[in-house]
Amino acid sequence: VSSIRTTSPEVLIELDRSRPRGLRAQVEEELRAAIRSGRLAAGTVLPSSRALAADLGVTRGVVVAAYDQLISEGYLSAHQGSGTVVDATVRRAAPPVASRPAAAPLDVDFRPGLPDLDLFPRTAWGRATRAALQSTPRDDLGYIASQGLPQLRQELADYLGRVRGVSAEPDRLVICNGFGHGLSLVAGVLRAAGHDVFAVEDPGYDGARTTLAFTGMRHRGTPVDDDGLVVDRLRGSGARVAVVTPAHQNPTGAVMSSARRTALVAWAREVGGYVVEDDYDAEYRYDRHPTGAIQGLDPDRVIYCGTTSKSLAPGLRLGWLVLPDELVEPVVADRRATDSATSSILQATYAAFLAAGDLDRHLRRTRRIYRQRRDALIAGLARWFPEATPCGVSAGLQFLLRLPDHLDEEAFAARALEAGTKVYPLGPYRTGRSGDHWPGILLGYGRLTPAAAERGARVLGETARAAGR
Ligand SMILES: Cc1ncc(COP(=O)(O)O)c(C=O)c1O
């Protein structure tokens with residue numbers, strides 16, 4: 001059997017033996033459909049009739065007859081020596097035709113939350129990978145400690161203390177696969193400790209709500225204003241844990257005021273709960289007024305979460321938690337029980353990357369670029385769409401644009417898309433009930449050249465005027 005399989009590629013053909021239609025017709029239909037859909041591309045060599053018959057549990061005659069039929073229809077051709085091949089002249093079925101008239105091709109995509117992946121520091125990362133491979137001891141290729149490699153925890157502790165004001169002894173750090181993963185670990189542990197409701201920002205990052213729902217946690221939307229989360233509104237919410245983005249609220253771009261920070265930590269102490277601080281894009285602040293992390297105010301009440309998804313690339317899947325002492329052991333136990341640990345090679349690489357000063361270099365370079373892109377978009381909007389108001393501080397990879405009240409954000413986004421510019425309505429960020437509602441769209445500028453940002457701004461202004469008519 002094995003010799004048949006090695007010389008003969010496998011194809012997926014599903015036969016339904018309860019169907020009245022004969023097996024030969026089914027083999028034929030399945031192959032025809034696979035070729036028409038492109039699943040079997042021109043030039044693909046099919047299994048020999050003997051091998052396919054054995055795989056399917058049918059007589060060889062069934063397969064021979066099906067192949068002959070498809071050869072006569074031009075789907076297959078038989079070549080002496082190389083077997084039966086999907087014919088090169090076969091045309092794939094045309095994709096279904098959209099019923100709406102074609103919109104303009106997508107020119108500008110303001111998708112929020114993504115760094116420019118073309119700016120990923122491939123050379124420096126390659127150097128760090130080589131350094132990591134050369135220095136990684138053999139045992140680090142085995143099952144490593146679930147908490148994370150000591151050298152990475154040390155590098156991160158130094159970095160977070162230096163740049164974010166986080167009080168991060170390496171023993172309180174747990175390496176994970178990004179914010180979403182970190183939040184799911186924290187939610188699982190706190191759920192076991194009797195928490196079943198988390199307060200979240202409204203509007204707020206929908207990804208956090210999705211993760212909480214997945215872990216069986218309920219959430220309560222708590223309003224956000226220009227000073228960040230309205231802490232007073234936490235009382236009576238039933239929640240003793242609040243997930244916040246104090247350095248740069250997603251999506252409003254507000255920075256939490258120092259009075260609110262103090263009040264938030266006081267609330268966590270008062271209710272015996274925690275603040276989950278999502279510090280997702282604090283690396284990118286363009287106005288020279290960086291604000292430190294809340295965690296420094298009370299490391300026993302604040303769970304700090306960091307990620308490389310904005311500073312480098314979401315595809316890395318690398319993040320970290322800085323935990324109150326009492327949560328370290330249960331979180332590490334969950335980490336061990338679920339997928340053991342984050343890749344040791346990845347951890348060692350990031351440790352080398354930090355140790356070489358490459359993160360600082362990368363951030364200095366990209367901050368300048370993102371700032372130019374943001375400035376170009378703001379200037380474009382001021383020129384083409386002055387009735388709209390950009391919200392928040394000069395930071396991050398996106399901002400919220402408040403639309404004039406008479407516009408409907410969904411209809412506006414649909415019209416802009418028809419003109420080739422994609423924007424993202426605020427709706428999915430709202431939890432529903434807690435705040436006052438005005439129309440808004442998210443504009444991610446991280447991946448746009450200044451010229452593209454300006455083109456997009458112009459389309460948005462034109463879209464608003466067309467909608468007003
Ligand atoms: C507020 C916020 N937190 C965290 C993340 C990143 O999550 P992760 O580290 O799971 O990629 C995002 C990404 O969009 C975000 O908007």
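Q: What counts as a helix or a strand here?
A: Both are DSSP runs numbered from the N terminus: helices are H or I over at least four residues, strands E over at least two. This is a predicted model, where local features need pLDDT of at least 70 and side-chain atom pairs 80 or more, while totals for chains, interfaces and linings use all residues. Numbering starts from 1 along each chain as its sequence is written, and side-chain values use heavy atoms, without hydrogens or water.

Q: OK. Which strands does α12 lie across?
A: Helix α12, residues 358–384, lies across β12, β13 (398–402) and β16. The helix runs at about 10 degrees to β13, with axes fitted to C-alpha atoms, for helices over the stretch in contact (heavy atoms within 4.5 Å), and angles from 0 to 180 degrees between N-to-C directions.

Q: What's the strand order in that open sheet?
A: β12-β13-β16-β15, four strands with antiparallel pairing; a pair needs at least two DSSP bridges.

Q: And which strands stand at the edges?
A: β12 (389–390) and β15 (424–425). Each has a single partner strand, so one side of each has no neighbour in the sheet.

Q: How many bridges join β15 to β16?
A: Two, and the strands run antiparallel. β16 covers residues 440–444, and its Leu-442 is the bridge partner of Tyr-424.

Q: Switching to cysteines. How many disulfides are there?
A: Zero in the whole structure, taking a disulfide as two cysteine sulfur atoms within 2.5 Å. For Cys-176, the nearest cysteine sulfur belongs to Cys-305, 7.4 Å away.

Q: Why no bond from Cys-305?
A: Its closest cysteine sulfur, in Cys-176, is too far for one.

Q: Are those two buried or exposed?
A: Cys-176 is buried at 1% relative accessible area, and Cys-305 is buried at 2%. Buried means under 20%, exposed over 50%, partly exposed in between, with a 1.4 Å probe and protein chains only.

Q: Where does Ser-146 lie?
A: In the loop between α5 (122–135) and α6 (150–164). Ser-146 counts as buried, at 6% relative accessibility.

Q: What does Ser-146 touch?
A: Leaving out residues up to four places away in sequence, Ser-146 touches Ile-175, Val-332, Arg-335, Arg-336, Ser-340 and Ala-341.

Q: Last one: at what angle do α13 and α14 cross?
A: Roughly 120 degrees, with the axes coming within 9 Å. α13 is residues 409–418 and α14 is 450–468.

Q: Which residues meet there?
A: From α13, Phe-412, Arg-415 and Ala-416. They meet α14 residues including Val-459, Leu-460 and Thr-463.
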